[in-house]
Amino acid sequence: MAELVGAVDQGTTSTRFMVFDVQGHEVARHQLEHEQILPRAGWVEHNPVEIWERTQTVITSALGSARLNLSDLAAIGITNQRETTLVWDRRTGLPVRNAIVWQDTRTDSIAKALDRDGRGDVIRERTGLPPATYFSGGKIQWLLENVDGLRRAAERGDVLFGTTDCWVVWNLTGGPDGGRHVTDVTNASRTMLMDLTTLDWDDELLSFFGIPRAILPEIVSSSHAEAYGTTTALRGAEVPITGVLGDQQAATVGQVCFSPGMAKNTYGTGNFMLLNTGTEPVRSKHGLLTTVAYRFGDEAPVYALEGSIAVTGSAVQWLRDQLGIISGASEIETLARSVEDSGGMYFVPAFSGLFAPYWRSDARGAIVGMSRFNTNAHLARATLEAICYQTKDVADAMVADVEANGGAIDLDVLRVDGGVTANDLCMQLQADILGVPVSKPEVAETTALGAAYAAGLAAGVWASTDALQANWHEAKRWEPTWSEEQRQAGYAGWRKAVERTLDWVEVD
C-alpha cells in the first residue's frame, strides 16, 4: 500500500500542493500565487478559473519535481480559505462571476439588517456565528440579488454554491461530468446556514438569506473514505480524495490539538486561534466563534472556540506594497530590531473592520501615539506588536468564555504556525505580550499537513490520532521576558488605540 499522502492547500493568496510521508515529513511541494482583485474599497475577489488552473499545475509540478506519479499517493486531502463564496453553472462549470473573498465587506448592510430585526440572535444560537460580512451566507444573498438572472437560475437548480474546497473537489472529480458537490462540516459551519447540533443546512436560516436549498452542497465528515470521489479530472491514476478541512481547522489537526484545552494560532494573511473544547459546543459571550474543529468518519464532531483576526500578515504586506518601507516581508524584522520598542506608537490594522473579539465593521485602521521622534522602524515594530496584541485580545476572550461556561483553562503554551513564525522578533513579542511560552513545530506547514492527516486517516495510512501525535516535534520555543507591569502597560495602550478606530465609517 502507498504511504504517501498529497494535500491541496488552496489559500487566500496562493495554491500549493504538498506530499507527506508516514512520518509527516515533506516529500514534495509546488506553490503558485493568484491575483487579488480589488474592484473598489472593501471589495476583495478571486478568479475561480485561475484557482482551478493553479490547482492542476501545482499538483503536476510537485509530483514531477519529486519524480512521483499520482499512483504513488494513497489519498489526497484538501484544505482551503474558508467563507470565500463561489457560484457556478452546473452544466458548463463556469463561475457566474468572481469569487467573493472572506475579507470582502460589501455585505455590511445585509449583516446589520439581520441584527436589527432579531434574526441575528437565531443565527448566533444555531450556528455559533455573529451576523458579519466574514461569512458566506450574506455573500450568497448579495450574488443572488446583484447578478442578473441568478436567482431564477438558482431556483431552477441550474447553479451551485460552494466555498473553495467545494469548487476544487467538484472540478477534481469531473466537474460538469459527474463532479461531486460536497463540502465538509468545518466549511459548512462557516456559512451562517448550518445548525451546529444537527450538522445540516437549516431551512429557517436559508429563508433569512433567500437561498434555495438546491444550490447547496451535501455536508459530509472531514475525513471519510468514500464521501469525496476520485481525481478523475487529472491525467494518471484516480486517487481517492478522503479528507477536507477548512484551513484553520486543518492547522488544528496538523498541530495535533486533539485534547480539550489545546490551542493553536496560525499567522497568515490574518490570525486564527482555535481552542479545542471537546464534543460539546461552547457558546461564546465574548466575541468568539463557536465552530466545528473536525469530524472523523462517523465519530462525534469536535468543536472549538475560534478567534478570527482579519489583518496580521497582510499588514506586513501593506508596509511593503502600499508604503514601500520594506521591499520584502523578511526585512521587517531587521527594521523593527533597529529600535528598542515602538516609541509609544500603536498601529491597529482595521483595514476591513475589526473581527474577533470586537466584530466592528465600522472600524478602520489607525496609527496613534506618533511624535516627530518616530521613524519607519517604530512603525515596523508596532506592526509586529499589533499582530501579537490582537492575539492577546482573542486569548483573553477564550479564557473568559470557558470560565463563563463553568470550566477552567490554563493556557500554559501556545502552539504556532504560519509564515510569520519565521520572524523571531514577532514570536518573542508574542510570548512577552501573552505571558506564556510560544512553541513552533518542526513541520511548519501544518495546514497542508492537517489535510494530509485527515485524508490519510480515512485511507488507512495512519491507524489513529495517536500515530499523528507521535509525529509532532518542537522546533523552537520562545519564553516570556517582559515583567507583568510592562505587559499590562503595553496592553492598556493597545486597548486605547483600538477605541480610536471605532465609529469611523457609517454603516447602514
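Is D503 buried or exposed? Select this residue first in the predicted model: with a relative accessibility of 61%, D503 counts as exposed, because the cut-off for that class is over 50%.

**From D503 to R360**

Keep D503 on screen and add R360, since the side chains of these two residues meet in a salt bridge with an N to O distance of 3.1 Å. The pair links distant parts of the chain, R360 lying in the loop between β18 (346-348) and β19 (366-368) and D503 in the segment after α16 (484-501), 143 residues apart. R360, at a relative accessible area of 26%, is partly exposed.

**A pair within one helix**

Go next to helix α3 (residues 119-127) and display D121 and R124, whose side chains form a salt bridge at 3.6 Å, N to O. These two residues are 3 apart in α3, which means that about one helical turn separates them. D121 counts as exposed at 54% relative accessibility, whereas R124 is partly exposed at 34%.

**R16 and its network**

Of the 31 salt bridges that the structure holds, the one to select now joins R16 to E445, with the closest N and O atoms 2.9 Å apart. It also links distant parts of the chain, given that R16 sits in strand β2 (residues 14-20) and E445 in the loop between β21 (438-441) and α14 (446-459), 429 residues apart. R16 has a relative accessibility of 14% and therefore counts as buried, the limit being under 20%. Extend the selection to D9, E26 and R29, because together with R16 and E445 these residues are linked in a network of salt bridges.

**The seven-stranded sheet**

Switch to a cartoon view and colour the open sheet of 7 strands, which follows the order β16-β17-β15-β14-β20-β21-β22 with mixed pairing. At its edges stand β16 (289-294) and β22 (474-478), each with a single partner strand, so one side of each has no neighbour in the sheet. From one strand to the next, the twist averages 30°.

Zoom in on the edge formed by β16, where 5 bridges join this strand to β17 (residues 302-309) and the two run antiparallel. Within this pairing, select T291 and then A304 in β17, which stands opposite it.

Finish with helix α13 (residues 424-434), which packs on the sheet and touches β14 (263-267), β20 (414-418), β21 and β22. If the helix and β22 are shown together, the direction of α13 makes about 55° with that of β22.

How values were computed
Residues are numbered from 1 along each chain as its sequence is written. This is a predicted model: local features need pLDDT of at least 70, side-chain atom pairs count only at pLDDT 80 or more; totals for chains, interfaces and linings use all residues. Side-chain values use heavy atoms; hydrogens and water are left out. A salt bridge is a side-chain nitrogen of Lys or Arg within 4 Å of a carboxyl oxygen of Asp or Glu. Helices (H or I, at least four residues) and strands (E, at least two) are DSSP runs, numbered from the N terminus. Buried means under 20% relative accessible area, exposed over 50%, partly exposed in between (1.4 Å probe, protein chains only). Two strands pair if DSSP finds at least two bridges between them. Axes are lines fitted to C-alpha atoms, for helices over the stretch in contact, and angles run from 0 to 180 degrees between N-to-C directions. Contact means heavy atoms within 4.5 Å.
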